[in-house]
Amino acid sequence: MIKMRDIIREGNHTLRAEAKPVKFPLSEADQKLARDMMEYLENSQDPELAKKYGLRAGVGLAAPQVDVSEQMAAVLVPSENEDDEPVFKDVIINPVIISHSVQPGALTEGEGCLSVDRDISGYVIRHDRITLRYYNMAGEQKKIRLKNYPAIVCQHEIDHLHGILFYDHINEANPFAADDDLVLIS
Ligand SMILES: CNC(=O)c1cccc(C)c1Nc1nc(N2CCN(c3ccccc3Cl)CC2)nc(N2CSC[C@H]2C(=O)NC)n1
Ligand code: NI
């Protein structure tokens, strides 16, 4: 299982590298990696398991964060009440944002990252809505539209595949600068 010690932190160059596209059919190693990353998110969202293994909770984890510079990320956005299906759950491979809203969006509370061991406040300005094309573990091409929280999470994880970290999108001069069409997502 993936533990916090397997997650690389700022300063490790892999976090700032351009990850390589994944080849299909997935190798055994890539299949295991995909499963392990999704398992990490599930474990981290379970208060008992998170406590038992000292895991930081997350809704997304990208392969570069476990020092594998490949274009693959697990995303698990749970629904508000736990016995419903997740809002979004998949391993997104070779993802491309093929279109997006002009309208920006940001999490009201800012963003955290498992590879960043410090609290950096401010609005992380992203697209409020995206159309995402990606391949799943079976190699099927998917094209989906996402908005608000799941759209923000996927953009955060896709950034990791291109060496971009969330605070790269925070306005340094005024971290909470918001033009009037910014959608604040709580
Ligand atoms: C600085 N302020 C903040 O961090 C911040 C502060 C308050 C609110 C939010 C909403 C903030 N922001 C933020 N909160 C999250 N979580 C909320 C808690 N949750 C979770 C926790 C426990 C069980 C199950 C779950 Cl589900 C896990 C996910 N996750 C992300 N991000 C940014 S996009 C990728 C995603 C990620 O997985 N990061 C590790 N941002
Ligand atoms: Ni991150």
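Ala73 stands opposite Ile92 in strand S3. That pair is where I will start, and a caution goes with it: this is a predicted model. Ala73 and Ile92 belong to a longer contact, in which strand S2, residues 72–77, is joined to S3 by six bridges. The two strands run antiparallel.

Now stay on S3 and look at its other partner. S3 covers residues 88–100, and five bridges join it to strand S6, residues 129–135. This pairing is antiparallel as well. Two residue pairs help to find it on the screen. Ile93 has Tyr135 as its bridge partner in S6, and Val96 stands opposite Arg133 of S6. A general remark while we are looking at strands: in a regular strand, side chains alternate between the two faces of the sheet.

From S6 we move on to strand S7, residues 141–147. How many bridges pair S6 with S7? There are seven, in the antiparallel sense. As a marker, Ile130 stands opposite Leu146 in S7. S6 and S7 form a hairpin with five residues between the strands. In that hairpin Gly139 takes a positive phi, near 85°.

Next, a separate item, the open sheet of three strands. Its order is S5-S4-S8, and the pairing is mixed. Which strands stand at the edges? They are S5, residues 126–127, and S8, residues 183–185. Each has a single partner strand, so one side of each is left without a neighbour in the sheet. Strand S4, residues 104–107, pairs with S8 in the parallel sense over three bridges. Within that pairing, Leu107 stands opposite Ile185 in S8.

Two backbone details before the ligand. The peptide bond from Phe24 to Pro25 is cis, with omega near 0°. Pro25 lies in the segment before helix H1, which spans 28–44. The other detail is Asp67, which has a positive phi of about 65° although it is not a glycine. To find Asp67, look in the loop between strand S1, residues 60–62, and S2.

Now the ligand. Where does ligand 1 sit? It sits in the largest pocket. Around ligand 1 there are 16 residues, and the closest are Gly58, Val59, Glu109, Gly110 and Gly112. By type, the shell divides into six nonpolar, six polar and four charged residues. Helix H3, residues 148–160, gives the largest share of the shell, namely three residues.

There are backbone contacts to go through here. A polar backbone atom of Glu109 is 2.7 Å from a nitrogen atom of ligand 1. For Gly112, a backbone N or O atom lies 3.0 Å from a nitrogen atom of the ligand. For Gly60, a backbone N or O atom lies 3.5 Å from an oxygen atom of ligand 1. As for cover, ligand 1 has 800 Å² of accessible area on its own, and the protein covers 69% of that.

To recap the route: S3 is joined to S2 by six bridges and to S6 by five, while S6 pairs with S7 over seven. The S5-S4-S8 sheet is open, and ligand 1 is in the largest pocket.

Notes: Residues numbered from 1 in each chain as written. Chains lettered and ligands numbered in written order. Predicted model: local features only at pLDDT ≥ 70, side-chain atom pairs only at ≥ 80, totals over all residues. Heavy atoms only, no water. Near = heavy atom within 4 Å. Polar contact = N/O pair within 3.5 Å; in protein donor to acceptor, adjacent residues only side chain to side chain. Areas by Shrake-Rupley, 256 points an atom, 1.4 Å probe, with all protein chains shown as cover. 1 Å grid on protein atoms, 1.4 Å probe; cavity = no way out; pocket = protein on both sides within 12 Å on 5 of 7 lines; lining within 4 Å. Sits in = over half its atoms within 2 Å of the grid points. Helix = DSSP H or I, 4+ residues; strand = E, 2+ residues; numbered from the N terminus. Nonpolar A, V, L, I, M, F, W, Y, C, P; charged D, E, K, R; others polar. Pairing = 2+ DSSP bridges.
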